[in-house]
Amino acid sequence: MIVVAIDGPGGVGKSTVAAALAARLQVPHIDTGAIYRAATLATVRAGVDPADGQSCAEVAARVDIRRHGGRTFLDDEDVEDAIRGPEVTALVSQVSSHPPVRTALLRHQRAGLEHGGVVEGRDAGTAVVPDAHLKVWLTASPEVRAGRRAAQIGVTDPAAVASLADELAQRDASDAQRMRPAADAIMVDTGDAGVDDIVGDLAARATAAASAARPKEQ
């Protein structure tokens with residue numbers, strides 16, 4: 001069994017690296033960001049004030065959130081497209097910042113890890129799987145991150161790309177208190193190497209770490 005935690009701010013390539021690494025290691029890919037988005041959608045549908053942490057947590061605790069085949073399901077409804085929309089995107093940082101919400105969603109984030117997994121999220125290594133065999137913190141320059149985000153949404157205007165960079169910086173600032181690397185995480189700049197090279201290196205590190213830990217787990 002191999003468990004890897006991949007953290008980092010928005011736009012560094014967490015989803016791309018995590019999905020590729022999970023495929024390489026043949027373990028599940030757990031996208032905690034999608035789970036937070038699904039919980040945010042649930043609060044919107046329930047008419048809950050996103051600033052009310054306790055009410056948001058109550059909603060998060062009573063819904064069922066699953067990931068299957070790269071899609072997100074909220075109470076058996078495929079909501080993958082809905083959670084990527086502007087309404088959820090605008091509110092997810094606020095909803096996910098509430099400690100009771102984060103606690104309520106841990107059971108969803110840890111589900112399916114009986115045979116290992118690559119857990120992707122902003123606190124994967126510090127809260128979701130603090131005992132992961134390998135903890136990784138991905139970084140990239142603001143320019144690289146904004147360029148990637150722009151490519152995802154089809155933005156080419158330089159002024160718009162600069163605006164995206166500002167939005168990423170603002171989101172990082174709002175998340176700064178809870179978004180930090182685990183003390184034993186390795187730092188990887190995704191602007192310095194291709195995905196294949198990064199995934200190959202991380203797969204080797206994770207396999208070695210799991211092998212070294214195996215006698216302790218028995």
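Let's start with a word you'll need throughout: a residue is buried under 20% relative accessible area, exposed over 50%, and partly exposed in between, using a 1.4 Å probe and protein chains only. The model is predicted, so local features need pLDDT of at least 70 and side-chain atom pairs count only at pLDDT 80 or more, while totals for chains, interfaces and linings use all residues. Residues are numbered from 1 along each chain as its sequence is written, and side-chain values use heavy atoms, with hydrogens and water left out.

**Exercise 1. Find Gln26 and decide whether it is buried or exposed.**

Step 1: Look in the loop between α1 and β2, which is where Gln26 lies. (Helices, H or I with at least four residues, and strands, E with at least two, are DSSP runs numbered from the N terminus.)

Step 2: Take its relative accessibility, 73%, and hold it against the cut-offs: Gln26 counts as exposed.

Step 3: Check the backbone. Gln26 has a positive phi of about 60°, although it is not a glycine.

**Exercise 2. Do the same for Asp75: which loop holds this residue, and what is its phi?**

Step 1: Asp75 sits in the loop between β4 (71-74) and β5 (77-78).

Step 2: Its phi is positive, about 50°, and Asp75 is not a glycine either.

Step 3: With a relative accessible area of 45%, Asp75 is partly exposed.

**Exercise 3. Work out what span helix α1 should have, and test it on the model.**

Step 1: Helix α1 covers residues 14-25, which makes 12 residues.

Step 2: The expected span is 1.5 Å times one less than the number of residues. For α1 that comes to 16 Å.

Step 3: The end C-alpha atoms of α1 are 16 Å apart, which agrees.

Step 4: Now pick out the buried residues of α1: Lys14, Val17, Ala18, Leu21, Ala22 and Leu25. Seen down the axis, these buried residues fall within an arc of 130°, so they line one face of the helix. (The arc is that of the directions from the helix axis to the C-beta atoms.)

Step 5: Add Arg24, another residue of α1. At 47% relative accessibility, Arg24 counts as partly exposed. Its C-alpha atom is separated by 9.9 Å from that of Leu202, although the two are 178 residues apart along the chain.

**Exercise 4. Which residues of α4 are buried, and which exposed residues does the face turned away from them carry?**

Step 1: The buried ones in α4 are Val88, Val92, Ser93, Val95 and Ser96.

Step 2: Down the axis of α4, the buried residues fall within an arc of 170°, so they line one face of the helix.

Step 3: Turn the helix around. The face away from the buried side carries the exposed residues Pro86, Glu87 and Ala90.

**Exercise 5. Describe Gln109 and Val128, two residues in other helices.**

Step 1: Gln109 is placed in helix α6 (residues 106-110). It is buried, with a relative accessible area of 0%.

Step 2: The side chains of Gln109 and Tyr36 are joined by a polar contact of 3.4 Å. (A polar contact is a pair of N or O atoms within 3.5 Å; within protein, one must be able to donate a hydrogen and the other to accept it, and residues adjacent in sequence count only if both atoms are side-chain atoms.)

Step 3: Val128 belongs to helix α7 (residues 124-128). With a relative accessible area of 2%, Val128 is buried.

Step 4: The C-alpha atoms of Val128 and Arg107 are separated by 9.1 Å, and the residues are 21 apart along the chain.

**Exercise 6. How many residues line the second largest pocket, and which strand gives the most?**

Step 1: Know the term. On a 1 Å grid over the protein atoms alone, a pocket is an open set of points where a 1.4 Å probe fits, with protein on both sides within 12 Å along at least five of seven lines; lining residues have an atom within 4 Å of a point.

Step 2: Count the lining: 13 residues, with His29, Ile30, Arg66, Arg67 and His68 nearest the centre.

Step 3: β3 gives the most, with 4 residues.
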